[in-house]
Amino acid sequence: MEIVATASDSTALVEALSKHAVDVVVTDFSMPGGEYGDGVAMLGFLRRRFPKLPLVVLTSISGVQVLASIGKAGVDCIVGKLDPAADLALAIRAAFRRDGFLSASIVQQLEQLQEVALTKREIEVLRMIAHGMTQKEIAEQLKRSRQTVSTQKHSAMRKLGLKRTSEIFDYALDQGMVSASQVARGLPEGSEDG
C-alpha cells in the first residue's frame, strides 16, 4: 500500500482527490474546519462528488446512531481508532475489492442499535450542537436555513425524549458523538436552550 496524499480537513481532502488518482480513501469522521463540513455531511459530499471511490472511515466516535448514519451515507468499511492496526489494513483491502468491513468493536456497537429512528440530518445537527455550535453556525456550515436546523433539532429531541438543549450534551457524550473534553466547555454563549 502507498499513501498518495494526506489532508487535515475536507477542503484539503477534496483538493487531494481532485489531483491524485487513488484506489481507496481513508478518512476520519470528524474533520472540522473544511469547506465541505465533516461527519455525515462530508461523507455525503464525497459520495456525490466521487461516487465510485471506496471509502474507509476511521473513527473514535462510538455512538450507535452515528455509526449507523455512516453506513447510511454509503460507507461499508468502518474501523475504530482503538482497534488493532491490522483491522485498518483489512478494511482498506476490503474497500479496494468493493467488499464491506466492520471491525469487531464497530459490529458490537451496531448490534446495540436502538430503534430510535433519527435521520442522518438530525444526528448531524445534534453532533454539531454538542460540539458547541449555535444553530446559526450550523445553518451556515450545512447551507440550510436556521429554521430547518431548528426543526431538525427539535424533532430529534422529541424522538429522544430530551426536554432541554443541555440534555443534548449528555446524549452526545453517552452515544460517543463527542468526547468528555469537548462537552466540558458546555453551551456556547448566546445559544438557544429549548
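User: What share of the residues in the chain is buried?

Analyst: Happy to start there, keeping in mind that this is a predicted model. A residue counts as buried when its relative accessible area is under 20%. The chain has 194 residues, and the buried part of them is 48%.

User: How many helices and strands are there in the chain?

Analyst: Let's walk along the chain. From the N terminus on, the elements run α-β-α-β-α-β-α-β-α-α-α-α-α-α. The totals are ten helices and four strands.

User: Which element gives the most to the largest nonpolar core?

Analyst: The largest nonpolar core has 43 residues, and among those with the most contacts inside it are Phe-29, Leu-126 and Ile-138. Elements giving two or more residues to this core include α1 (10–19), β2 (55–59), α6 (120–130) and α8 (146–160). With six residues, the element that gives the most is α6.

User: Which residues is Leu-43 in contact with, leaving aside its neighbours within four places in sequence?

Analyst: Leu-43 is a good one to look at, being listed with those that have the most contacts inside the largest nonpolar core. Contact here takes heavy atoms within 4.5 Å. With those neighbours set aside, the partners of Leu-43 are Thr-27, Phe-29, Leu-55, Val-57, Ile-70, Ala-73 and Val-75.

User: How many residues does the second, separate core have?

Analyst: You can find this core by looking for Cys-77, Val-79, Ala-91 and Ala-94, which it includes. The second core is separate, and its residue count is nine.

User: What percentage of the accessible surface of the chain belongs to carbon and sulfur atoms?

Analyst: Take the whole surface as the starting point: the accessible surface of the chain comes to about 10100 Å². Of that area, the part belonging to carbon and sulfur atoms is 52%.

Terms used. Residues are numbered from 1 along each chain as its sequence is written. This is a predicted model: local features need pLDDT of at least 70, side-chain atom pairs count only at pLDDT 80 or more; totals for chains, interfaces and linings use all residues. Side-chain values use heavy atoms; hydrogens and water are left out. A nonpolar core is a set of buried Ala, Val, Leu, Ile, Met, Phe, Trp, Tyr and Cys residues joined through side-chain atoms within 4.5 Å. Buried means under 20% relative accessible area, exposed over 50%, partly exposed in between (1.4 Å probe, protein chains only). Accessible areas come from the Shrake-Rupley method with a 1.4 Å probe; for residues, only the protein chains shown count as cover.
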